[in-house]
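Colleague: Please take a close look at one part of this model, namely how its helices pack, and describe it in full.

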Amino acid sequence: MKVFLPNSANLQNITGLLSGLDLSNSKTFDFSMHKKWVAVHPVVLAMTACLAEKFREGGGVVTGKAENVPTLAYLIRMGLFKYLGVDPGKSITEHEESGRFIPLTQIQNNDELKQAIVNLVPLLHAPAAVADPIKYVFSEMVRNALEHSQSTVGAFVCAQYYSESKRIAIGIADAGIGVLNTMRQHHDVQSSRAAIRLALQPGITGTTSRIGGNEFNAGAGLFFTKSIATLSRNRFCFYSGDSMFRLMKTRKRYDPELHADPNDDPHSFVRAPLLKGTVVGIDLSIEQGFEFAALLEAIREAYFIDVKQKKNYAKKIRFSP
Amino acid sequence: MKINMFDIVGDFGEDKDAAAALREADIRPSIRKGQRVCLDFDGVTLVTQSFIHALISDVLRTTGEAALELLEFENCANVVRGIISTVVQYSLDSMLASASLAEEEPRRQKSNQPMRLNGKKKNVKGKAAKVRHTKSRRK
């Protein structure tokens with residue numbers, strides 16, 4: 001197994017990471033990084049830490065070395081080398097992370113997720129308009145991993161706030177059975193690509209063949225998350241098995257459109273090294289004055305299942321006052 | 001019965017286990033008895049769709065539209081209100097969809113035709129239904 005951090009791997013150019021990724025040999029884990037510059041999305045850190053933790057769980061030793069790049073202190077502060085078990089060859093003074101980033105965090109159960117969300121709020125140091133979509137995505141994606149992935153190392157998450165672009169990047173990774181194995185329990189899918197396509201559609205979950213889900217799962221978490229990225233004109237990626245779905249940014253001259261079928265979104269599917277697990281990356285840029293409720297309303301309009309007898313129940317719901 | 005949601009989940013309702021426990025312990029039994037249930041969201045600023053789904057979706061699906069007469073949602077922030085509306089809509093829609101497919105099944109078996117949803121061919125195993133709703137707002 002080889003993980004090489006390129007000089008740049010964000011959601012718009014994450015395929016650069018895939019070309020340096022070799023997941024075929026599970027007996028060794030070699031970590032390396034670009035010698036001059038490394039600027040990577042939190043999803044890359046979450047995936048790398050998760051792979052390393054899973055590898056060590058099997059009794060392996062991660063080898064490799066850090067390069068003295070200008071961003072090395074950042075990578076150390078994010079906790080990458082702690083989870084790799086590799087000496088970065090440098091020590092740093094840890095500053096308060098408030099409002100800037102959420103370091104790599106391993107979450108293995110419901111209590112740890114709840115605690116992570118409690119810890120998340122002061123870290124965000126942001127108004128509700130900014131904090132709410134992040135808390136929402138965090139909760140939904142980590143719960144997905146904990147409930148469906150069967151990952152023995154749980155989920156890894158981290159996030160970074162970019163003040164210039166007012167963008168927040170979030171990465172979540174697990175080392176579980178992958179979306180294909182989850183979806184094929186109740187659906188007739190043969191490839192990771194088909195399973196990802198299905199998992200991103202509203203009302204379809206790996207826990208039942210019933211459209212709309214069961215009493216515990218609606219099959220909507222991923223659709224909502226992808227929709228939040230779409231409506232905030234940002235990117236989203238979903239990597240599992242040998243396939244990666246990449247949602248492209250909606251250009252400024254167009255209004256963002258929500259689609260139930262991800263094949264109708266501006267997107268690409270990329271062939272990728274076979275990953276045992278699931279990785280989700282998302283960018284959010286939420287402006288001041290933005291109404292999360294309005295965003296959810298738009299998602300609701302795109303969501304509902306269109307049957308012949310379709311009715312509008314909104315007026316029958318008893319809200320008070 | 002009035003249930004103070006803030007006391008159970010705090011300001012962010014996302015714990016599905018807590019929601020499912022509340023559903024089975026309080027909401028479903030009350031609705032079955034025809035008693036009103038008031039869910040007071042005062043102080044809850046954000047909920048996830050998964051949380052509201054675990055809280056009420058199965059009650060709506062098993063009881064049907066009549067459950068809306070007995071459920072009351074109090075002091076909901078706009079976000080909470082939107083999520084509740086979404087869950088109510090798709091829960092009752094999918095109940096109708098299931099009923100529609102169940103009605104179609106004997107006819108389908110008789111004629112040996114593939115199942116259909118919204119006029120589209122549907123996998124016989126009930127899988128991979130294509131649900132497409134595009135809100136086209138291109139300028």
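The reply below treats helix packing in one chain and then in the other.

Modeller: This is a predicted model, in which local features need pLDDT of at least 70, side-chain atom pairs count only at pLDDT 80 or more, and totals for chains, interfaces and linings use all residues. Residues are numbered from 1 along each chain as written, with chains lettered from A and ligands numbered from 1 in written order.

In chain B, helix α2 (residues 16-32) and helix α3 (residues 49-63) cross at roughly 30 degrees, and their axes come within 8 Å. (Helices are DSSP runs of H or I of at least four residues, strands E runs of at least two, numbered from the N terminus; axes are fitted to C-alpha atoms over the stretch in contact, with angles from 0 to 180 degrees between N-to-C directions.) α2(B) and α3(B) are therefore roughly parallel to each other (an angle under 35 degrees). The crossing of α2(B) past α3(B) is right-handed (the near helix is turned clockwise from the far one by less than a right angle; anticlockwise is left-handed).

On the α2(B) side, the contact is made by Lys16(B), Ala19(B), Ala20(B), Leu22(B), Arg23(B), Ile27(B), Arg28(B) and Ile31(B). They meet Ser50(B), Phe51(B), Ala54(B), Leu55(B), Ile56(B), Asp58(B), Val59(B) and Thr63(B) of α3(B) (C-beta atoms, placed from the backbone, within 7 Å). The residues of this contact comprise 10 nonpolar, 2 polar and 4 charged (Asp, Glu, Lys and Arg are charged; Ala, Val, Leu, Ile, Met, Phe, Trp, Tyr, Cys and Pro nonpolar; the others polar).

In chain A, helix α6 (residues 128-148) packs with helix α9 (residues 221-231) at an angle of about 145 degrees, the axes being 10 Å apart. α6(A) passes α9(A) in a left-handed crossing. From α6(A), Pro133(A), Val137(A), Glu140(A), Met141(A) and Asn144(A) take part, and from α9(A), Gly221(A), Leu222(A), Phe224(A), Thr225(A) and Ile228(A). This contact of α6(A) with α9(A) divides into 6 nonpolar, 3 polar and 1 charged.

Helix α9 of chain A also serves as a packing partner for buried residues of α8(A). Helix α8 (residues 192-199) of chain A is mostly covered, with 7 of its 8 residues buried (20 or more other C-beta atoms within 10 Å of a residue's own). These buried residues are Ser192(A), Arg193(A), Ala195(A), Ile196(A), Arg197(A), Leu198(A) and Ala199(A). Besides α9, they pack against α7 (178-183), β10 (236-247) and β11 (267-284) of chain A.

Note on methods: Angles under 35 degrees count as roughly parallel, over 145 as roughly antiparallel, 65 to 115 as roughly perpendicular and the rest as oblique. Two residues are in contact if their C-beta atoms, placed from the backbone, lie within 7 Å. A residue is buried if 20 or more other C-beta atoms lie within 10 Å of its own, exposed if 12 or fewer, and partly exposed in between; C-beta atoms are placed from the backbone.
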